[in-house]
Amino acid sequence: MSSLQDIADRVIAQAKPGEHVEAFVSRDGQTDVRVFEGEVEHFVSAQSEGIGIRVIRDGRTGFAYAGTLDQAAIAEVLAEARDNVEFGTPDEWAGLAAPDGVDVVQQVLWNDQLASLATERKIELAKELERLTLGFDARVRVDDSNYSDAFVESAVANTSGIRRSGRENGCYVSVGTLADDGDETQTGFGFSVGRSPDEFDLAKAAREASDRATRLLGAVKPSSKRLTVVLDPYVAAQFLGIVSSTLNGEAVIKGRSLFKDRVGEQVASPLFTLVDDPTNPSAYSATDIDGEGLAARRNVLIDGGVLHGFVHSSYSGRRAGTTSTGNAVRGGFKSTPGVGCLAMQLQPGARMQADLIADVSDGVLIESVSGMHSGVNPISGDFSTGASGRLISNGQIGGPVREFTIASTLQKMLLDVIEIGNDVDWLPMRAAGVTIVIADMTMSGA
Amino acid sequence: MIEQGVLERVLGLAVRGGAEFAEVFAEDKRSTSASLDDGRVEQVTSGRDRGAGIRVVRGDTTGFAHTADLTETGLCAAAEAAASAASQGGGGVRTIALTSRAGTKVNTVERYPDEVSKSTKVELLKRVDDAARSAGASIVQVSAGYGDSRRRILVANTDGVLATDEQVRGLMRISVVASGDAGMQTGFQSVGQTVGFEMFDNIDIEELARDAARQAMVKLGARPAPSGSMPVVIKQGSGGVLFHEACGHGLEADLVSKNSSVYAGKTGELVASPLVTLVDDGTMSTEWGTIGIDDEGHPSAYNVLIRDGILTDYMWDYLRARKEGRAQSGNGRRQSYMHLPMVRMTNTYVLNGTEEPDDIIRATDHGVYIAKLGGGSVNTATGDFVFGMTEAYLIEGGEITEPLREGNLIGNGPQVLRDIDLLGNDFAMGNPGTCGKDGQGVPVGDGQPTLRVKALTIGGTAT
């Protein structure tokens, strides 16, 4: 079998004069085990592979892909991509990434132990998590308990001299819970991730899944008012994900970011220093190269509340009069790279969550959110999300609340940050979690 | 796609170890998409996805494997992997004889999208861009996406079912940004149908583009949405997602069977206002969620879920129906051959009531009128759901007055169903949607007449 890099190399070798060609080739696989009541409900073992080819000629771009590495299919993909070039509008900034001299920070992204883990062990992990979860509270049921692992190998090559390949794997366990009390049911979840099962903390995942469901029992719909909001690390990481879309260089050049033309301005609280650093090995989404094959690197986005800069791919960088920041993001072989943050971290503060809560006289601790995708518009900045959590009164955590929203605007929320905790949690997202306290938001309930 | 003899041998191999059920799902999908942004046709993309997923069920355990190799060798390897995943044991040989089964005839495709030139498709994008940009001086950005697909599927299983379907879809999405003194606002419109390229002969895409532009411009002068509980009137064809989230997911038999739905054990009970009759209908001629067969080979169907407020039935796939010893309902769907099927909705809608829509607004002294809802999500176990309002207005003294900025609404499904107190006579289907569940997305439709919910919580900032 040819190596993925060989396949990519062979494609770009067919470039005709005046053509710029990029080939991205990948092969991936996953195992999913779902356990319910001590039995395997399903076991999925899946592998797939494919190629995406981008052709640029005279500033016009065409793209095609196929979910196979069959030679005849690859020839067809190249022909389709070439044909698609005819229909693009010439764009003076169109082009591929070129080597930029930035060295790759090597990372350990592959674990041999996981690659050879026995099937029985995978099933046992899911069963063990279910057992542990049921051990804390008699009111708790398990909806499903899961083990998953995945690997991906990929290679990219282009006619501008990029030639990179790599592979990574990882695994996670997760459990969904239900807690019943009379007619009432509440839900929770817990998870643990790692490069290998040795890194799992099953007991913590189980306890969190049990606690998340039971602590909401008896939750009421709160009345509407303005108050201080404390975002739990898990929620804060999702909030940073929304913030990142305003720092996307492509959104900026196309006029879709509320922070365009604001570099150098105070856009957030002085406590707010945000970096994107995929070279930090603690990050779940740590990586050595970006979606175009350039070295991933550390970028400061907001420094002491002052907007420092945006993240770019080679295209958005070129068009913005700067260079790629190594932030091309590729969703697999079926699409061309976009732009995005890879591994964000907010500079932590000095105190733990409990101490921050002790300072809040009237507030709410937000422990889960829903509808971040539907009620937040990162272009206008309008922010409104469904939430559940616990009220805070005179520094004390009070009763659970649910079926309410918290709302403000992104612009105001960033300026209203009054505390950041020291409780950095490397969650399986593109941002690390850390407690964030926001001075003033509107809670809508009864 | 695959010869019948090969299918019969592969299925035989899959159950040789003693499994009760095996299924081959094969798919060959060709798609084209084109995107326009910032005044440029950025890219035309062609895609090909082809492969088969093999499922083997033994007791309560399902094993699943898939392959992009549709030769007998490739299929047999996947069958063995799936069988081994469902665990070994037993023995014996079963002979499988397949009989072709017809799907529901939903419509006739006149022009397959792969027979239409790419330049014709790209031209649609340019028309959209021109129309949106000429809608007003405050329009600063337009992006549009065209997509089509031709998906052939084949399902064969050890119950002897052999069924095929061809699903042809076309889609246009339009996003517009307007800029004013108070910042930027956005507008969105889309259309999607399960039919050939002739759909664009019957749809005024310029009008859709102007409507997206209008939404963005209207919101430039919008005031912050209110905060708190109040009556909400939802315009025809814009609030089907309410039912999709508030009760549709809770009526999926896989969630019901695990008792993780608030509607579990409620058949025959009054679960909604007597005004409400809710249907899931995969047979509608050209709607986005329409299918000839589901992804388990069962013909699509018209299923009444709630009749006059009383819960009549859930939606079913093969596994859950088998467990209950009843018939499937044509709701076993999957994203692609790489995925296991689950219980999924198709087109979910509420039938007409009797009120004139204007009367519903006039009957509301103070509240919110929602002309367009965004996406939503639900916790099926508690019934709590949210959805975004992307175009909304205040109702004051029985009249629609000022536009509102965006926000989420939040409510509890069973409560909201009971709180529907006025139902219009102006049924319309809404925008095409992609429903996500367990990481899989499938096309779905929704619809409803204008209606009023007595009380819903609006998640704005104006107190």
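This is a short tour of a predicted model, stop by stop.

**Stop 1: chain B as a whole**

Select chain B. Colour by secondary structure: chain B has 10 helices and 23 strands. Its C-alpha atoms fill a box of roughly 75 × 55 × 35 Å along the principal axes. What radius of gyration would a compact globule of 463 residues have? The rule puts that value near 23 Å; chain B has 24 Å, which agrees. Now colour by burial. Buried residues make up 60% of the 463 residues. Then draw the contacts with a sequence separation of 6 or more: 75% of those in chain B join residues 24 or more positions apart.

**Stop 2: the two domains of chain B**

Select 113-153 together with 165-218 in chain B; that is domain 1. Give 227-459 another colour; that is domain 2. Their C-alpha centres lie 25 Å apart. Domain 1 of chain B puts 15 residues into the contact, and domain 2 of chain B puts in 15 residues.

Stay on the domain 1 side. Which elements give two or more residues to this side? They are strand S6 (161-180), strand S7 (183-193) and helix H5 (205-220) of chain B. S7(B) supplies the largest share, 5 residues. By class, this side of domain 1 has 7 nonpolar, 6 polar and 2 charged residues.

**Stop 3: where chain B touches chain A**

Show both chains. The contact takes 66 residues from chain B and 59 residues from chain A. On the chain B side, strand S2 (residues 40-58) gives the largest share, 12 residues. Colour that side by class: 20 residues are nonpolar, 33 polar and 13 charged.

Zoom in on S2(B). Strand S3 (residues 60-66) of chain A runs parallel to S2(B), and 5 bridges join the two. For one point on this pairing, select A:Ala64; B:Ser46 in S2(B) stands opposite.

**Stop 4: helix H2 of chain B**

Select residues 72-85 of chain B, helix H2. Put a distance label between its end C-alpha atoms. They are 20 Å apart, and 14 residues at 1.5 Å a residue should span 20 Å, so the two agree.

Next, show the buried residues of H2(B). They are B:Leu75, B:Ala78, B:Ala79, B:Ala81, B:Ala82, B:Ala83 and B:Ala85. What do these buried residues pack against? Within chain B, their partners are helix H1 (4-14), strand S1 (21-37), S2 and strand S3 (61-67). Chain A contributes strand S2 (39-57).

**Stop 5: a sheet in chain A**

Move to chain A. Find the open sheet of 4 strands, ordered S10-S9-S8-S13, with antiparallel pairing. Which strands stand at the edges? They are strand S10 (306-307) and strand S13 (344-346) of chain A; each has a single partner strand, so one side of each is left without a neighbour in the sheet.

Now pick strand S8 (residues 274-276) and strand S9 (residues 299-303) of chain A. They run antiparallel and are joined by 3 bridges. Label A:Asp276; A:Asn299 in S9(A) stands opposite.

**Stop 6: the loop between H7 and S9 of chain B**

Return to chain B. Select the loop between helix H7 (253-257) and strand S9 (278-281), then B:Ser273 within this loop. Is B:Ser273 buried or exposed? B:Ser273 has 21 other C-beta atoms within 10 Å. The cut-off for a buried residue is 20 or more, so B:Ser273 counts as buried.

Show its contacts, leaving aside neighbours within four places in sequence. B:Ser273 touches B:Gly309, B:Leu417, B:Arg418, B:Ile420 and B:Asp421. Then label B:His249. B:Ser273 and B:His249 are 24 residues apart in sequence and 18 Å apart in space, C-alpha to C-alpha.

B:Asn259 is found in this loop between H7 and S9 of chain B as well. Its phi is near 55 degrees, positive in a residue other than glycine. B:Asn259 has 15 C-beta neighbours inside 10 Å, so it counts as partly exposed.

**Stop 7: B:Asp308**

Last selection: the loop between strand S10 (302-307) and strand S11 (310-311) of chain B, where B:Asp308 lies. Check the backbone. B:Asp308 has a positive phi of about 50 degrees, although it is not a glycine. With 13 C-beta neighbours inside 10 Å, B:Asp308 counts as partly exposed.

Terms used:
Residues numbered from 1 in each chain as written. Chains lettered and ligands numbered in written order. Predicted model: local features only at pLDDT ≥ 70, side-chain atom pairs only at ≥ 80, totals over all residues. Domains from an automatic or database assignment. Contact = placed C-beta atoms within 7 Å. Nonpolar A, V, L, I, M, F, W, Y, C, P; charged D, E, K, R; others polar. Pairing = 2+ DSSP bridges. Expected span 1.5 Å × (residues − 1). Buried ≥ 20, exposed ≤ 12 C-beta atoms within 10 Å, placed from the backbone. Rg over C-alpha atoms; globule rule 2.2 N^0.38 Å.
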